[in-house]
Amino acid sequence: MTKRDQFDRELLQMFTQEVRERASDMEQTLLAIEDPGGADEKLRLQEQLLRTVHSLKGAAGLLQVRGVEAICHWMEEIISITVNEQLVLEKSRLELLLSAADAIQDAAHLLESGETPSPAHGESVVDALKSAVATGEDDPSGKSNPRPPQMGQVAVRNSDTDGSMRVSADRLDALLYRSGELLSFGAVIRRHAEEASLLREQAMKLRGTVPESAALAAGIENGLRQLATSLRREMRLMHTVATALENEVRHARTQPFAEACKGLDRVVRDMAAASGKLAELKIGGGEIEIDRSILSGLQDSLRHLVRNAVAHGIESPEERRKAGKPERGRVVIAAAISGDRMQVRVEDDGRGVDVARLSKAAGEHLEEVKDEAELLRRVFEPGLSTSATVTSLSGRGIGLDIVKRNVETLRGTAEVSQVPTGGAAFTLTLPLTLAMVRVVMVMAGEHMFTIDTASVQRVMRVHAQDFATSEGTDILSTPTGPMPFVDLADWVGMRSASSDTRHAVPAVVLDAPGGPVAVLVDSIAGEQDLLARPLGPRLTKVRRYSAGMVLPDGRIALLLNVAALAEAAARTRSTDGARMPRPLQAARRKVLVVDDSKYVRTLVKLILEGAGYDVNMASNGREAWQQLLDDGADMVVADVDMPSMNGFELTEAIRRSERFTNTPVVLVTGREALEDKVRGLRAGANAYLRKDQFDAQHFLETMRRVV
């Protein structure tokens, strides 16, 4: 790529960002002008809108994006009439300008996808703008050819010249991960300091037992003492610097919560108009700074909740008058910080959740419902809707299911409740960051897992007499009341390391949407700040785990999904009320798992060990082949794209070998092309599975079939 090409590409990226921001600013300003208010404030907003449109027109002309330039030019013509004549834009022209802002937003989407909008982009909008200018409609002065604003009259936006600069989100993410790695490395230095102290103690013992080496031992002891002191000092210094770096990067990644709410007032306005309702949106806590990754993940959920509030909650003006309510309904989004978590509440003053219709949709009789809160939580189930008919706005029962899934992806929880004064409220509880996480490390079987401390209420020990059964559900009797529980080792399909129930068992009590639940573990290894890494899009179906975490010794620990644990606890059934891990049915066959990704290797190992297999791992084909020669295996599960020797080559080597020619091989890969699958099967693979369609149950069935 030449320097000129790179320069043009960077300019286009900057312009794409500019188009998106300016289009959003235009929409927000137009909606503010439409709201009830004083004429002076509306005139001020129109002048601000004129500056925004003019600035974008100049940028579009520089980059020769003629479609956007034309839209801005004719928007400028209309707005300049009102600015020059001190008139307030009327509703018809506000609608037309909103359509123009939508066309500019569409151009931003095209630019983001790598496509340049054509000169004819938004042609119908441009024609409508031209027509409005030509007719002079809504202009009491009757002037149809206003004088366009002079360049000197248009101010430049402050943020263009205030010393700020744009940095890509990916670069900020990389910086945050690097600062997190520095913090994690502090634990390694601490361990080295402890090892040096231990060696010093051994040197002290050596000095007393071997007199002739006393001087040498004293020198070693002194050197180790200085080394341990130096390591601790450097560890403290590095921790201070790394913490400061992390705080600075995290602050650079934050944005006001109001950014996540941009465009929602337009959603409320348009949906209310389409359904013959009146509604307004109010936002509280918009100034709260939150992590950009949380912000972007929230936007889709908030959009669904706002649509749900208008479609299901807000009544028609006639219904609201009869109920003694204002004709205009209200949707309120409020954000607040609580400890190291953030809560976002979306509330409306409408009719609330129709419990009778919900119980019918859920297949339950209303008179048999004992726990209304549990029934309300069922609104998050896919395919369940309280709408009597399917329309373009509601009735398919998919919006709230998406909200729950998105919030869990962000390691949060979603709850719903009825508002006593009328209406429904959805509360989303989310972490403040997705990078560094304070976790409790627990053991189940021979594996370590982690739980976000923000969800941990307390740690306790339970005894055999604490187990009981209530209405067919296992519970723990605790001083604070009965509590559902789940055995972690049993849940992940592993043999517990401490199945003897005569002794106390550690339990971690979690705050869950339906109340506290206990997670039984084999042991608790401590508490630590660890760097969370996403599992990736190919493992999104594995709901039990939220992220992968690298321990100081290099091992991988999976972060448990608290919502999934709580659901498992609610479903737990038993006949004896004691902790009795079920015997594993699968034969103890040896499987060699080969993948260059630590996360994928660990995940596949956990699934296989949970089904009763013995598992060895290798990071590439050459290492796997050497392990086969040394230790053998009953079957091989391998990725395709690996260094040294890929999966195809490994499969071919296995088939050429007299010793392993009949060893089953399952290829699990991200390659989607049919020719790759054909190549794998021709190489001798017994099965070919795609990672983007990976399902644990189907994977285990495939393993049993090929043995």
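Good morning. I shall begin with a cation over a ring: Arg544 lies over the face of Trp491, 4.6 Å from the ring centre. The model under discussion is a predicted one, and what follows concerns its aromatic pairs, its nonpolar cores and one buried acidic residue.

Let me turn to the aromatic pairs, of which the count is 4. One of them joins Phe380 and Phe426 in an edge-to-face arrangement, with 6.0 Å from centre to centre and 80° between the planes. Phe380 belongs to the loop between α12 (372–376) and α13 (399–409), while Phe426 belongs to strand β7 (residues 424–431), so this pair ties together parts that are 46 residues apart in sequence. Phe380 and Phe426 are both buried.

A further pair is formed by Phe467 and Phe485. Their ring centres are 5.2 Å apart and their planes stand at 75°; because edge-to-face requires an angle over 60 degrees, the pair is classed as edge-to-face. Here two strands are linked: Phe467 sits in β11 (residues 467–470) and Phe485 in β13 (residues 481–487), 18 residues apart. Are these two rings buried or exposed? Phe467 has a relative accessibility of 10% and therefore counts as buried. Phe485, at 5%, counts as buried as well.

I come now to the nonpolar cores. In soluble globular proteins, nonpolar side chains tend to be buried together. In this model, the largest nonpolar core contains 52 residues, and the members that touch the most others are Phe449, Leu488, Tyr545, Leu608 and Phe699. What does Leu608 touch, leaving aside residues up to four places away in sequence? Its contacts are Val591, Val593, Tyr613, Val615, Phe699, Leu700 and Met703. Phe699 thus appears both among those best-connected members and among the contacts of Leu608. There is also a second, separate core of 46 residues, which includes Leu281, Ile294, Val353 and Phe426. Phe426 is the residue already described as the edge-to-face partner of Phe380.

Finally, I would draw attention to Glu315, in the loop between α9 (292–313) and α10 (317–322). Why does Glu315 count as buried? Its relative accessible area is 6%, and the class of buried residues covers values under 20%. The side chain of Glu315 makes a polar contact of 2.9 Å with that of Lys325. Again leaving aside residues up to four places away in sequence, Glu315 touches Lys277, Arg320, Lys325, Asp349, Gly350 and Arg351. Lys325 is therefore both a contact of Glu315 and, because an N and O pair at 2.9 Å falls within 3.5 Å, its polar partner.

Thank you for your attention.

Terms used
Residues numbered from 1 in each chain as written. Predicted model: local features only at pLDDT ≥ 70, side-chain atom pairs only at ≥ 80, totals over all residues. Heavy atoms only, no water. Phe/Tyr/Trp six-rings, centres within 6.5 Å; stacked < 30°, edge-to-face > 60°. Helix = DSSP H or I, 4+ residues; strand = E, 2+ residues; numbered from the N terminus. Buried < 20%, exposed > 50% of the residue type's maximum accessible area, 1.4 Å probe, protein only. Lys NZ or Arg CZ within 6 Å of the ring centre and 35° of its normal. Core = buried A, V, L, I, M, F, W, Y, C linked by side-chain atoms within 4.5 Å. Contact = heavy atoms within 4.5 Å. Polar contact = N/O pair within 3.5 Å; in protein donor to acceptor, adjacent residues only side chain to side chain.
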